[in-house]
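Student: Before I rely on the descriptive terms used for a model like this one, could we go through the reasoning behind them?

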Amino acid sequence: MTNKKTVAVVMSTYNGSLHLERQLDSIFEQKGVNIFVLIRDDHSSDDTVEVIKRYKDENPDKQINYIIGENEGYEKSFWDALCMAGEADYYAFADQDDVWMKDKLFKSILPMEEDTYQGAKLSYCQMIRSDENLEPFSEQVLVLHPEQLNKKIVLTQTYNYGAATVFNHAAKELICRRFPKGGCVPHDAWAGAICYWFGKIYFVDEGLYYWIRYDSSVTGEGTRWSGIRYRIKETLAGKTYPNLSYDLLEGYSDLIVADDMTFLRKMADYKKSTKTKIDLIFDREFKRTKFAGTLMLKYGILTNRF
């Protein structure tokens with residue numbers, strides 16, 4: 001890149017005071033880019049806001065702003081923060097307790113900068129799953145590569161973990177066009193689906209940040225078996241994968257081509273027609289990348305829980 005690009009780093013915090021400062025340090029140590037950080041606190045009950053205020057006061061040379069919001073869940077909180085982030089060349093999601101490599105943003109932006117494509121662009125990278133001392137675990141997260149994906153898969157499967165995700169201004173405008181009505185769609189899944197369907201994605205096959213598993217981590221172990229256990233538990237509780245068809249049809253119909261429109265309408269109306277339900281169940285492209293996930297997706301369709 002001939003000149004430094006500006007990156008708006010968007011973070012939602014909630015009771016994250018213990019590890020927040022180390023994460024902020026790693027964000028502001030990024031090389032080759034200009035950084036500003038916007039934090040939306042999702043009504044923490046600990047001293048997270050005080051930590052943010054102190055960090056801002058002690059680092060007047062660093063561009064950091066924060067918003068104290070009502071508790072609405074991380075999905076909506078991240079989306080709100082992104083929509084309030086203002087103008088930048090690129091945008092990046094950040095969790096409150098990771099640690100980034102110093103070249104994470106530069107390497108994520110580079111393939112997008114080298115491509116003359118003018119639409120929405122999203123880049124994602126590998127991660128390093130580690131303990132709080134940044135010692136990698138023996139079992140790492142299997143990040144999906146672009147060749148494993150298609151338009152139907154990304155409607156039910158997140159390929160771009162939040163902290164791995166960087167996207168341009170055109171992508172931000174599309175993502176912020178609509179918040180999924182169901183409210184249970186994670187910010188990374190929504191951004192990934194929108195950019196895959198209506199833009200272009202790029203993959204950096206390198207671990208550019210530490211995804212740290214603390215004793216207090218609430219987002220799961222990140223292992224294959226913990227993911228399967230979680231999904232089985234959710235399915236048995238009547239919670240299968242969110243159906244994004246309604247949001248795409250209502251919010252992005254001007255961008256959807258005819259064949260995709262037909263498929264989305266099948267997704268939206270599958271409960272009304274036995275034939276449509278059977279079509280979805282036996283559609284080989286409409287799946288998850290693992291057999292267990294596909295089985296639970298099809299079970300959700302069969303039982304009208306999708």
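The exchange below takes up a strand and a loop residue of this predicted model.

Student: Why is Pro-180 called buried?

Tutor: The cut-off for buried is under 20% relative accessible area, and Pro-180 has a relative accessibility of 1%, so Pro-180 counts as buried. This residue lies in the loop between helix H5 (169-175) and helix H6 (187-198).

Student: What makes a residue a contact of Pro-180, and which residues are in contact with Pro-180 once its neighbours within four places in sequence are left aside?

Tutor: Contact requires heavy atoms within 4.5 Å, and with those neighbours left aside, Val-185, Trp-190 and Asp-247 are in contact with Pro-180. As for Asp-260, which is 80 residues from Pro-180 along the chain, the C-alpha atoms of the two are separated by 19 Å.

Student: Why is strand E1 described as largely enclosed by the rest of the structure?

Tutor: Strand E1 covers residues 5-13, and eight of these nine residues are buried, so the strand is largely enclosed by the rest of the structure.

Student: How do you know that E1 pairs with E2 and with E4?

Tutor: Pairing needs at least two bridges between the strands; E1 is joined to E2 (residues 33-41) by nine bridges, and to E4 (residues 90-94) by five, so both pairs satisfy the criterion. E1 runs parallel to E2, and its pairing with E4 is also in the parallel sense. Ala-8 has Phe-36 in E2 as its bridge partner, while Val-10 stands opposite Phe-93 in E4.

Key: Residues are numbered from 1 along each chain as its sequence is written. This is a predicted model: local features need pLDDT of at least 70, side-chain atom pairs count only at pLDDT 80 or more; totals for chains, interfaces and linings use all residues. Side-chain values use heavy atoms; hydrogens and water are left out. Buried means under 20% relative accessible area, exposed over 50%, partly exposed in between (1.4 Å probe, protein chains only). Helices (H or I, at least four residues) and strands (E, at least two) are DSSP runs, numbered from the N terminus.
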